[in-house]
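Open the model in your viewer and keep the selection box ready. Each stop below gives something to select, then what is there.

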Amino acid sequence: KKASIGVTGLAVMGRNLARNLARHGHTVALHNRSEQRTRELVEQFGSEGEFIPAHSAREFVDALERPRQVVVMVKAGAPTDAVIDEFAELLEPGDVIVDAGNAHFADTRRREAALRERGLHFVGTGVSGGEEGALHGPSIMPGGSKESYESLGPLLEDIAAKVDGTPCCAHIGPDGAGHFVKMVHNGIEYADMQLIAESFDLLRGALGYEPAQIAEIFRTWNTGRLDSYLIEITAEVLAHTDAATGKPFVDVVLDQAEQKGTGRWTVQIGLDLGIPITGIAEATFARSLSGHANLRAATKGLAGPSRTPLSGSDAERFADDVEQALYASKVVAYAQGFNQIQAGSAEYGWNVDLGSVASLWRGGCIIRAKFLDDIRAAFEAEPGLPTLLTSGDFRKAVEDAQDAWRSVVSTAVCLGIPTPGFSTALAYYDGLRADRLPAALVQGQRDYFGAHTYRRVDREGSFHTEWATGARPERPA
Ligand code: 6PG
């Protein structure tokens, strides 16, 4: 019997994907550069399903039924290229190579084009949910040709998380579309994590609550509209006590957030596409600020306000206000992320269905949340929606929250608690709804020093003012 799919690269993600496939009744060929890992997998988990361990790349390829489907689960970058090259040599037209790592979508586009030349399908797919997700049901975002999805799709849908019986997997679009969407997923993940972290900092700084008390607040929030995996694990982390010291776990962790780079990619591409993804950008910069130990040491002691915690009715209202600010800021962050997907899709001709993206993010992935079902409904009702902020229920929720949101941001400013995420989200909201923006003045400045011209509100065309002459006549440029 031949295998319907193979996995090469059996570190924990690859191993768990292979096990998940086998547990769903698919025969899985296994390959790893060092054979040790292949052996271990079969020894430990061989009883979970049908595996065909291969001793060489050739044997691995021969174990696969046609069209051969090879999932590559190795480190992004050069190692991925090396493995793709190796297998491209051994495969035949119509076969499918799947890169399930966190690759940059531009690399995926390049690889797809090169393999297409050779008659091979290349599927760059996002897989979210970490190790546990890979084993028990991740959210899967495959790109590549429609044809490749015909053979690969059913297997991926089998192993994906399910929400209301719907698999958290759908064909995203050609070439790099899947990895692009996964990249934005991670950007949104950064933004969401930052907003939650700011909420914690506010509750602690403004109310003087202990982490364990704040864990309770998050638990309550998790029963409402904020119901999500990230809120759930936040409560767990905050409730955790460090065994060695007896202190709250969060107080013994070095406060320097790291990153592997997908958030940074999202911001870079956001800039290239000209999409204001300010929430993701601030979250990424907040991580980088936290990591600048020298800068932080050098500025220690810079004057701040005298931080007196809130009291009385202000304090009573505050936790609820933070919930509203968090919800509104979260809507902004997701609205921006979906705008970026819209822009990427238009730029590269991917025709990404935003409702389907929201749907497959409802389960399995790190940003899974109840409100993604509302986002799905919003895009299904209006696929060309310019922004989530204007969609019925979201509009109302954000408008209802705005007073509390403003009050939280001003409290944060007065107490000197940094809230880049909340602040930028509110500035975005106010920027969009403003009748007039000072961008007009910026245009004037540009025309003054660089004759860069401006457009007028009352006439078509571009204009330049002769700033240097006394008369300053205005003429069409
Ligand atoms: C997922 C996660 C996953 C991962 C990121 C986190 O969807 O399962 O997003 O991709 O945990 O690598 O990246 P940072 O190290 O940059 O926070």
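Helices (H or I, at least four residues) and strands (E, at least two) are DSSP runs, numbered from the N terminus. This is a predicted model, in which local features need pLDDT of at least 70, side-chain atom pairs count only at pLDDT 80 or more, and totals for chains, interfaces and linings use all residues. Residues are numbered from 1 along each chain as its sequence is written, and side-chain values use heavy atoms, with hydrogens and water left out.

**Stop 1: a helix residue**

Select T234. It sits in helix α10 (residues 229-239). Is T234 buried or exposed? Buried means under 20% relative accessible area, exposed over 50%, partly exposed in between (1.4 Å probe, protein chains only). T234 has a relative accessible area of 17%, so it is buried. Now show its contacts (heavy atoms within 4.5 Å). Leaving aside neighbours within four places in sequence, T234 is in contact with I196 and F218.

**Stop 2: the parallel strands**

Select β1 (residues 5-8) and β2 (residues 28-31). Two strands pair if DSSP finds at least two bridges between them. β1 and β2 run parallel, joined by four bridges. Pick G6: its bridge partner in β2 is A29.

Add helix α1 (residues 12-23): with β1 and β2 it makes a right-handed β-α-β unit. A crossover is right-handed if, with the strands pointing away from the viewer, the path from the first strand over the helix to the second runs clockwise. Turn the view that way and trace the path.

Stay on β2 and colour by side-chain direction. In a regular strand the side chains alternate between the two faces of the sheet. V28 and L30 point one way from β2, A29 and H31 the other way, and all are buried.

Move on to β3 (residues 51-53), which pairs with β2 in the parallel sense over three bridges. V28 has F51 as its bridge partner in β3. Helix α2 (residues 35-45) completes another right-handed β-α-β unit with β2 and β3.

Return to β1 and select β4 (residues 69-72). Three bridges join β1 to β4, and the two run parallel. V7 is bridged to V71 in β4. Both faces of β4 are covered: Q69 and V71 are buried on one side, V70 and V72 on the other.

Next, β5 (residues 96-99) runs parallel to β4, with four bridges between them. Q69 stands opposite V96 in β5. Bring in helix α4 (residues 78-90): β4, α4 and β5 make a right-handed β-α-β unit.

**Stop 3: the nonpolar cores**

A nonpolar core is a set of buried Ala, Val, Leu, Ile, Met, Phe, Trp, Tyr and Cys residues joined through side-chain atoms within 4.5 Å. The largest has 88 residues, and those with the most contacts inside it are Y334, F338, W361, I375, L388 and W405. Which helix gives the most to this core? Select α15 (residues 312-348), which contributes 16 residues.

Centre on L388. Not counting residues up to four places away in sequence, L388 touches Y334, A335, F338, I375, A378, F379 and F394. A second, separate core of 28 residues includes A18, A22, F51 and A100.

**Stop 4: two cysteines**

Select C168 and C365. A disulfide is a pair of cysteine sulfur atoms within 2.5 Å. Why is C168 not bonded to C365? The closest cysteine sulfur to that of C168 is in C365, 7.3 Å away, which is too far for a bond. C168 is buried at 0% relative accessible area, and C365 also counts as buried at 0%. By this rule the model has zero disulfides.

**Stop 5: the annotated domain and the last hairpin**

Select residues 178-468. UniProt places the feature "domain: 6-phosphogluconate dehydrogenase C-terminal" there, in an unreviewed entry. UniProt positions are given in the numbering used here, feature names are shortened, and annotations may be inferred rather than shown by experiment. The span is 66% helix and 2% strand, and its end C-alpha atoms lie 53 Å apart.

Now select β10 (residues 454-455) and β11 (residues 462-465), which run antiparallel with two bridges. R455 stands opposite S462. Six residues lie between the strands of this hairpin, where G461 takes a positive phi near 105°.

Finish with β12 (residues 474-476), joined to β11 by three bridges in the antiparallel sense. F463 stands opposite P476 in β12.
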